[in-house]
Amino acid sequence: MTAEHVPPPDHPVETPVAPDVEDPELTEEATRLRLAVGRLHRRIRIDGGDSLPPLQLSALVTIAMHGPLRLSELAKREAVTAPTMSRVLGALDDQGLVVRAPDPQDARGVLITLSDKGRVRLDEIRTHRTALVARRLQRLDAEQRAVIRAALPAIEALLEDE
């Protein structure tokens, strides 16, 4: 069994031992969820076609959510070095997806925001990826979709920081 394979619910999962979790059932659930979410994310990214590279897309989303941002703050939020983020911003700037403007608080600094073209591109990517997931959901029966709908609040709660 490879990491790419998500077995059906009635098939046992090779579960690595989680060092800080003593409940084997919880560890198995965590393994299955990690594999399923990871694989679904890869499918969405692959089927997304001509989308932006992951770090460029992530930077656009972060700028949309938290902008305007300085390069150093964006790099910190994306957990990359400033030189890496500088290259990412260069690529986004070359495509006309971001705007760099002087920081009114610091004449040496630059603030990055999304351009109108960047907002449109981000909306297009989000719409396309949502449609990909919707098509996958359509393949499920009503009961399976209801189970997913009921599980969404719990899955969303997993995203909250401790």
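In this predicted model, D47 forms a salt bridge with R136, and the closest N and O atoms of the pair are 3.4 Å apart; a salt bridge here means a side-chain nitrogen of Lys or Arg within 4 Å of a carboxyl oxygen of Asp or Glu. Because D47 lies in helix α1 and R136 in helix α5 (residues 116-138), the pair ties together parts that are 89 residues apart in sequence. D47 is partly exposed, with a relative accessible area of 30%, and R136, at 26%, also counts as partly exposed, where buried means under 20% relative accessible area, exposed means over 50%, and partly exposed lies in between (1.4 Å probe, protein chains only).

Because this is a predicted model, local features need pLDDT of at least 70 and side-chain atom pairs count only at pLDDT 80 or more, whereas totals for chains, interfaces and linings use all residues. Residues are numbered from 1 along each chain as its sequence is written, and side-chain values use heavy atoms, with hydrogens and water left out.

The setting for this bridge is a chain whose secondary structure comes to six helices and three strands, with helices (H or I, at least four residues) and strands (E, at least two) taken as DSSP runs and numbered from the N terminus. Followed along the sequence, these elements give the pattern α-α-β-α-α-β-β-α-α. Among contacts between residues at least 6 apart in sequence, 47% join residues at least 24 apart, a contact being heavy atoms within 4.5 Å.

A search of the whole structure finds seven salt bridges, and one of them joins two strands. D103 forms a salt bridge with R70, with the closest N and O atoms 3.1 Å apart. This pair links distant parts of the chain, since D103 belongs to strand β2 (residues 98-103) and R70 to strand β1 (residues 69-70), 33 residues apart. The two partners differ in their cover: D103 counts as buried at 9% relative accessibility, while R70 counts as partly exposed at 29%.

A further bridge stays within a single helix. The side chains of E73 and R77 meet in a salt bridge with an N to O distance of 3.4 Å, and both residues lie in helix α3 (residues 71-78), four residues apart, which is about one turn of the helix. E73 is partly exposed, with a relative accessible area of 33%, and R77 is likewise partly exposed, at 42%. Returning to R70 and D103, salt bridges that share partners join these two residues with D106 and R108 into one network.

The surface also has a nonpolar side to consider. L33, V37, I148, L152, I155 and L158 make a nonpolar surface patch of about 490 Å²; patches are made of residues with over 30% relative accessible area and no salt bridge, like charges being joined within 9 Å and nonpolar side chains (Val, Leu, Ile, Met, Phe, Trp, Tyr) within 5 Å. The elements that give two or more residues to the nonpolar patch are α1 (24-47) and α6 (142-157), and the largest share, three residues, comes from α6. One of the patch residues, I148, lies in helix α6 and is partly exposed, with a relative accessible area of 34%.

For the chain taken together, buried residues make up 23% of the 162 residues. The chain exposes about 11300 Å², of which carbon and sulfur atoms supply 56%, with accessible areas taken from the Shrake-Rupley method with a 1.4 Å probe and, for residues, only the protein chains shown counting as cover.
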